[in-house]
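Hi,

Here is the structure I promised to pass on to you. Have a look at it first, and then read on for my notes.

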Amino acid sequence: MAVSLNHDHHAGNPALFDSFIFESIGLMPLSGDFVDVGDVDFMAYLALGLGPTLYPLYCPMALHDELRAQISLYAYVLTPTVHLSALETQQSKEVPVYVSSLHSQIEQLDFRPKSTRMGPDHRFYVVYDFVGSENSTTVVHLARHPAGYHPWTDIDFTAFAAMSDNVGRLIVPNECITSDTVMSGDVVQAYGFNDAIMADPHHGDQCMISEDLTNDNASEVVMSNPPTVYSWISYSANMTDNAAISVYQSPADRRCTQIISKRQQAKKSAQSEGGLKRVMRDYPRWKIALAYLRSLLRVAVCFGTVGNPHLLNFERKADAIRNTWPQALLQANIGVEELEEVASLISSTPMSNENVLRLANPSLSEFIYDVKRLALCSIGHPQAGFDFDDVAVGVLLIDTVQGVLQQFIRPRSNTFPIKDNGFAWFLGHQMAKEVMWHIVFRPSSTCGVRLVLADLEPAAFRNADHPPFSTMALLGSVCYSAVLDKYSALTNIPVDLLTQYPTPAQVYDQLCETAVELVEIHDDQDHPKLMTDLSNLCKIVITDVHRPGRNKNNSSQD
């Protein structure tokens, strides 16, 4: 474990600086202690350079908002002392680590991952164990504010720029410190906490089920104008992790609480009326209309009209249902006035159409879950998947899985020419055809109503030169998610701690961009082969696929 109060990571050499302060002209390095500075807050640790090195970051209270715009949360570090960060709502030994927003990729902290926790943005971040890590290359300059302050007056900028750990250059106005050796280690971009995860024994993050913020340990939203307090670190043995500070609740926070409360009441009201299956069982016209709605929602995912399918929350799903419902009635050839009156299961009073449709909200999450389940069941298959099942468990299998993962992420996924492009390789692979069949061409039965997505939109799926770009990205991102879960299981590292790999949501966005580039690069000699592969994805029949993930006892059902 590398600890420093006044030295850099080269033993015996005094540090050029041991902290940073954000001022109106940008970040300024500091050496020594603060004296008589009552309006300066400790913000977080700033990760810089090789190793990397963690420096205390301070900021006057008046400049908090300006600083927030230039830094991004990267992780948390467990320290031996309690900190009170102005970017957090309570003091703790788990202290935030930030990086420059312009250069957020740094070398991963050389500490043992201990756990994860939710940040102020409601995303999960790795907590690294600084206390229990030995022989680490990461140096931590422990914060000591408010004991003394000596700003640089005669700094040797030439020596600073040439410092051996390649931190880079001093920030000029509105810029951030850069590194000559930007490494992987992006912040963990997990799902927003507006949605909980439907756990599966073999696929822990398969399906997101909309839930409210009920975790007592969850961090509060950081206020745009935090309370005026002296941020400090106590070395007292009497200071505990659980000591709390009172937090002012802004009008924005109260509105957020009210919105969450209303949403929770609406969901509880819908759930109390009985499930969607009861409605489809007892009301024939509703059954047909809802079956079309279910399929057309899947079409909307394939067209990209619902946004990123890996980040669906309750409101986005409700918007998708609201926008798709008129088309579902049209396809079902049913007028809204022809729908039966649905009686509440609890009160026997009529339900509004809006409340009936609210019961369909989980449909999109179930769809994404089902596709990920299919991918997870197929990736090891020797014909349908990537042949993982025929590789002996051990280093060779891990290397094989890592090699496949690289095909879906940058730089391999957007490398050109086409013959070197990992995403193009996948689109010509049998695995892409298996997932495409499952989503688009497989007959799906909903309470006896059998529909095929390709028949609902033949111009996009059957009579096209290539699938919609969003569909191509969906194929790639769900397979990437399955392979990432395989790697997690082999290495016994939770997916949330695999910070060197992007999330499926990030991969989806990247593959959407790459799909367009692949189709439009006409001067590449492998473009005709690519377009043949894409055309084949638009005319799949059942004999073209192996379907290893199907339910053999009820293969015609969803």
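Leaving aside its neighbours within four places in sequence, which residues is His429 in contact with? The contacts are with Ala384, Gly385 and Phe386. Please keep in mind throughout that this is a predicted model.

Let me stay with His429 for a moment. His429 sits in the loop that runs between helix 10 (422–427) and helix 11 (430–441). Although it belongs to a loop, His429 has a relative accessibility of 18%, and because the cut-off for buried is under 20%, this residue counts as buried. Its side chain also has a polar atom 2.9 Å from the backbone nitrogen of Met431.

Next, a pair of helices. In general, two packed helices are described by the angle between their axes and by the distance between those axes. For helix 5 (residues 284–303) and helix 14 (residues 469–491), the angle is about 90° and the axes are 6 Å apart. Angles of 65 to 115 degrees count as roughly perpendicular, so helix 5 and helix 14 are roughly perpendicular to each other. Where they meet, helix 5 contributes Val301, Cys302 and Phe303, while helix 14 contributes Ser470, Thr471 and Leu474. Sorted by class, this contact has four nonpolar residues, two polar ones and no charged ones.

You may also like Asp41, which is found in strand 4 (residues 40–48). Is Asp41 buried or exposed? With a relative accessible area of 2%, Asp41 is buried. The side chain of Asp41 makes a polar contact of 3.1 Å with the side chain of His64. As for the backbone, the C-alpha atoms of Asp41 and Ile21 are 9.4 Å apart, and 20 residues separate the two along the chain.

On to the cysteines. A disulfide is a covalent bond between the sulfur atoms of two cysteines. How many disulfides are there in this model? The count is zero. Two cysteines to look at are Cys447, which is partly exposed at 39% relative accessible area, and Cys538, which is buried at 2%.

Finally, the chain as a whole. It has 16 helices and 15 strands. Of its 558 residues, 51% are buried. Taking contacts between residues at least 6 apart in sequence, 71% join residues at least 24 apart.

Happy browsing, and best wishes!

Technical notes: Residues numbered from 1 in each chain as written. Predicted model: local features only at pLDDT ≥ 70, side-chain atom pairs only at ≥ 80, totals over all residues. Heavy atoms only, no water. Helix = DSSP H or I, 4+ residues; strand = E, 2+ residues; numbered from the N terminus. Buried < 20%, exposed > 50% of the residue type's maximum accessible area, 1.4 Å probe, protein only. Polar contact = N/O pair within 3.5 Å; in protein donor to acceptor, adjacent residues only side chain to side chain. Contact = heavy atoms within 4.5 Å. Axes fitted to C-alpha atoms, helices over the stretch in contact; angles between N-to-C directions. Parallel < 35°, antiparallel > 145°, perpendicular 65-115°, else oblique. Nonpolar A, V, L, I, M, F, W, Y, C, P; charged D, E, K, R; others polar. Disulfide = S-S within 2.5 Å.
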